[in-house]
Amino acid sequence: MKKFASVIIIAMILAIGFSTVFNILSAESLPSEGSFFENIEAAFSENLPFRKELSELMDGINYLSGVRHFGNIYIGSEGSLLQEIERPTSRNFSAAKNFILSFAERNQQKPYFMLVPTSIAILHQEIDNFALEDIFNQRNMINRMYSEFDGAVRTTDIFQTLYDHRSEYIYYHTENIPTSLGGYYIYGELCSRLGIEQTPLDAFSIAYGAHGFYGSLATDFLKQYSSSDFVSLYEYNGGSVILERRENNGSIKISESLFVYSEEAFEDKTDMIFGGISPVMEITSAESLGERSSILIFGDESAKSWLPFLVSNYGRITFVDLDSASETLLSSVTATEYDQILFAYSTFVFSKGINFEKLEFIG
């Protein structure tokens, strides 16, 4: 197939003219590393007026030759687009450990910590065994981060639970976060760790939001080899809730539902949950169950999968996105007001680094 790709390139040279090709393949255009044909392909992709079409053509040729890895995304055998994560640095581990422990000591609270593996770690059976050798081991990463706390933080391991349910629709095919069903299994493990009773799934009404959509991982090329997605919305039947979304500019949006039942309103269809993640979200319930009635959560977009289930257990939930929240908004949150504190991040976000230093601005 590589010979076939070479024939395609030569045919394109003849089609567009040697003078144009000479300009494209000038010393400034060609990369300094890589094979001759790889360099030509890169130069064409950067400089040709129809570079998008050429890039997709070359990707198609590579796919026909057996390639299933495009950029940092693998095409799974069952239609999932599995995104590889960055290798976290030792600095990421140390920073997370130091800032969280300092925060816990300052607030005299022993927090909980959870890392949510991405789909490539759980659905790796969809990838060719030969390719698996190049995939970063998230299981080892999670174990290493948990060991960093050495018991000073209560960790929650959800890896095995998700793996046990890997044949179900627990991850979106074209977004890098768990589905609501995957979120329910995560919620179950959280209940065991947080000391709360798991609410059965039939206590939630299920509505189906967006159907047949393709998420951010599905480029025009990858879309043809992936399966479409749908959004399930699990609304608790046991009482009313108020969702308060706080923005950095001081605006507050209040609604009586965790969901926006309009897929046309969002480019990212998973934003039908909460209307998307805000810098600070406050969820209050008419019912306050047990002694552990309030929880402060620091997290990311993966919380869209499991956070809606916690409304059945807590009278007050405050969710904080450290990366997007301003210092002023963070100072309005007082950690000592809460019975429990949870840090919950996807391995994808954690590996890139989180602004844990902003914990210093929490009141």
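Which residue of β3 is the bridge partner of Y74? In β3, that partner is L82. The model here is predicted, so local features are taken at pLDDT of at least 70 and side-chain atom pairs at pLDDT 80 or more, while totals for chains, interfaces and linings use all residues. Residues are numbered from 1 along each chain as its sequence is written, and side-chain values use heavy atoms, with hydrogens and water left out. Helices (H or I, at least four residues) and strands (E, at least two) are DSSP runs, numbered from the N terminus, and two strands count as paired if DSSP finds at least two bridges between them.

Back to the small sheet. Strand β2 (residues 73-75) runs antiparallel to β3, with three bridges joining the two. An open sheet of three strands results, in the order β1-β2-β3 and with antiparallel pairing. Its edges are β1 (69-70) and β3 (81-83), each with a single partner strand, so one side of each has no neighbour in the sheet. Q83 sits in strand β3. Its relative accessible area is 11%, so Q83 is buried (buried is under 20% relative accessible area, exposed over 50%, partly exposed in between, with a 1.4 Å probe and protein chains only). The side chain of Q83 makes a polar contact with that of N176, at 3.3 Å. For a polar contact, a pair of N or O atoms must lie within 3.5 Å; within protein, one must be able to donate a hydrogen and the other to accept it, and residues adjacent in sequence count only if both atoms are side-chain atoms. Setting aside neighbours within four places in sequence, the contacts of Q83 (heavy atoms within 4.5 Å) include T118, L217 and F348.

Another antiparallel pair is made by β8 (residues 241-246) and β9 (residues 252-255), over four bridges. R246 stands opposite I252 in β9. The two strands form a hairpin with five residues between them, and G250 in the turn has a positive phi of about 95 degrees.

Strand β13 (residues 340-346) is a well-covered piece: seven of its seven residues are buried. On one side these are Q340, L342, A344 and S346, and on the other I341, F343 and Y345, so to speak a strand with both faces covered. Parallel pairing links β13 to β4 (residues 112-116) over five bridges, with A344 as the bridge partner of M114. β13 also pairs with β11 (residues 294-299), again in the parallel sense and over five bridges; here I295 stands opposite Q340. In the loop between α13 (327-330) and β13 lies T336, which counts as exposed because its relative accessibility is 57%.

T336 also leads over to helix α5: Q108 is 228 residues away in sequence, yet the two C-alpha atoms are 8.3 Å apart. Q108 comes just after α5 and takes a positive phi of about 50 degrees. The end C-alpha atoms of α5 are 26 Å apart, which agrees with the 26 Å that its 18 residues should span at 1.5 Å a residue (the expected span is 1.5 Å times one less than the number of residues). Among the buried residues of α5 are F93, I100 and F103, and what covers the buried set includes β4, α8, β11, β13 and α14.

Helix α8 (residues 138-149) has twelve residues and reaches 17 Å from first C-alpha to last, close to the expected 16 Å. Its buried residues are Q138, M141, I142, M145, Y146 and F149. They lie on the same side of α8 because they cover an arc of only 130 degrees around the axis, the arc being that of the directions from the helix axis to the C-beta atoms. The elements they pack against include α5, β4 and α14 (347-352). At the N-terminal end, N137 caps α8 through a side-chain oxygen 3.1 Å from the backbone nitrogen of R139. After α8 comes D150, with a positive phi near 50 degrees.

The largest nonpolar core has 93 residues, and F298, W306, L307 and F350 have the most contacts inside it. A nonpolar core is a set of buried Ala, Val, Leu, Ile, Met, Phe, Trp, Tyr and Cys residues joined through side-chain atoms within 4.5 Å. Helix α10 (residues 180-194) supplies the largest share of this core, seven residues. Not counting residues up to four places away in sequence, L307 touches F274, M281, I283, I297, I317 and F319. A second, separate core of nine residues includes Y63, F70, L81 and A218.
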